[in-house]
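Student: I have a model open and want to go through its contacts. Can you take my questions as they come?

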Amino acid sequence: MKPNRLNRMAVLVISTMSLAGMSIPANAQQQPQEEQKQQHKQPQQQEPSQKQSEQDQKRRQQQEQKRTRQQAQEEQRQQEKQSQEKERLQRQSEEDQKRQQQQQQERARQQAQEEQRKQQKESQEKERRERQSEQRDERREREAEQQDRRISRQQQQQLIHQQQEEVKQYRRYLEQQESRAREQAEELRRQNRLAQYRYQEEYLEHLRQQQRRLRDERFDYDRDPYFYAAPIYRYRRDGRYYEINRYGANVLRQALHAGYAQGFRAGEADRRDRWRAAYRDSYAYRDASYGYRGYYISRSEYNYYFREGFRRGYEDGYDSRYRYGRYADGNYFMSDNILSQILNFESIR
């Protein structure tokens, strides 16, 4: 009994399993097909969404690049605008500065012209007075020449002999000055006094010219009026009185004018060199023979009045003023009133 019952149960189980096996394949086949449809449908749904996202992202990037480009262009425009404004302001500043300089130059030019006109007017006025004074002197000289009283022949020969000896001594003196002048020039170079050195070189060149003229000159003593004209003036120097004719008096005036002119240039040179005022140290002051021809008066007499003019000219040149003299026609002259005070001629006729 029991075995049959077990057999029937086994058959029943197998049948049930068979029936179950027949239904599983049908359900299993239908389920994968649905999954495939879902999987195929899902990528198709995701693909448009991804493309849309990429397009949006690309669009945003393009918009960002456009904004960046526009911002860069705007900054560039701002920089260019600032640069142009800076250049404009700079040009305006340069133009203003140039205009101010032109105005200053114009004012300076007008001022210089005004000063020049003023100086010319003063110079013309001085020249007019000087011409009048010279005309009076010439008139007096002509009158004196017509009335010249001759000295004796013996006095004339004695005066000529003295003059010839004076000329010989002066020639020897000029020959000895070259070495002394060279030593002075070397000292000026060591002191770096270039303006004074140049002035001294010009002074020495004039002395050389004087020496050549004196060497080549053939002087006619017998016909020169100085050697036969009687004295007409008296003047005092170093406590003594001296008498002189009008030709010798003119040489004394020339000595004062020459001394003043050379003193002015020497003082001006020391001022430019920023050197202390010391007119006695100048070679020109010690030599004191600039313009001396060797005739009419002694060299010592010429030296004395040259130095009187030099001292005053040096002060004016060093201080850049005209206290004792004036400037006219490219040269310096001692003022007539100062010259008259120094010479103080007294007429003896």
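Student: How many salt bridges does a search of the whole structure find?
Tutor: The search finds 26 salt bridges. Bear in mind that this is a predicted model.

Student: What does Glu186 meet in a salt bridge?
Tutor: Its partner is Arg189, with N to O at 1.9 Å. The two are 3 residues apart in helix H2, so about one helical turn separates them.

Student: Is Glu186 buried or partly exposed?
Tutor: Glu186 is partly exposed, at 36% relative accessible area. Arg189 is also partly exposed, at 37%.

Student: And Glu308, which residue does that one form a salt bridge with?
Tutor: Arg311, with the closest N and O atoms 3.9 Å apart. Both sit in helix H6, 3 residues apart. Glu308 counts as buried at 18%, because the cut-off is under 20%, whereas Arg311 is partly exposed at 23%.

Student: What about Arg321?
Tutor: Arg321 forms a salt bridge with Glu315, and the closest N and O atoms are 4.0 Å apart. Shared partners join these two into one network with Glu308, Arg311, Arg312, Asp316 and Asp319.

Student: Switching to strands. How do S1 and S2 pair?
Tutor: In the antiparallel sense, over 5 bridges. They form a hairpin with 2 residues between them, and Asp238 in the turn has a positive phi of about 55°. Arg236 has Tyr241 in S2 as its bridge partner.

Student: Which strand do 2 bridges join to S1?
Tutor: S5, residues 346–347, also antiparallel. There, Tyr233 stands opposite Ser347.

Student: Last one: how many residues of H4 are buried?
Tutor: 21 of its 27.

Definitions and conventions:
Residues numbered from 1 in each chain as written. Predicted model: local features only at pLDDT ≥ 70, side-chain atom pairs only at ≥ 80, totals over all residues. Heavy atoms only, no water. Buried < 20%, exposed > 50% of the residue type's maximum accessible area, 1.4 Å probe, protein only. Helix = DSSP H or I, 4+ residues; strand = E, 2+ residues; numbered from the N terminus. Pairing = 2+ DSSP bridges. Salt bridge = Lys/Arg side-chain N within 4 Å of Asp/Glu carboxyl O.
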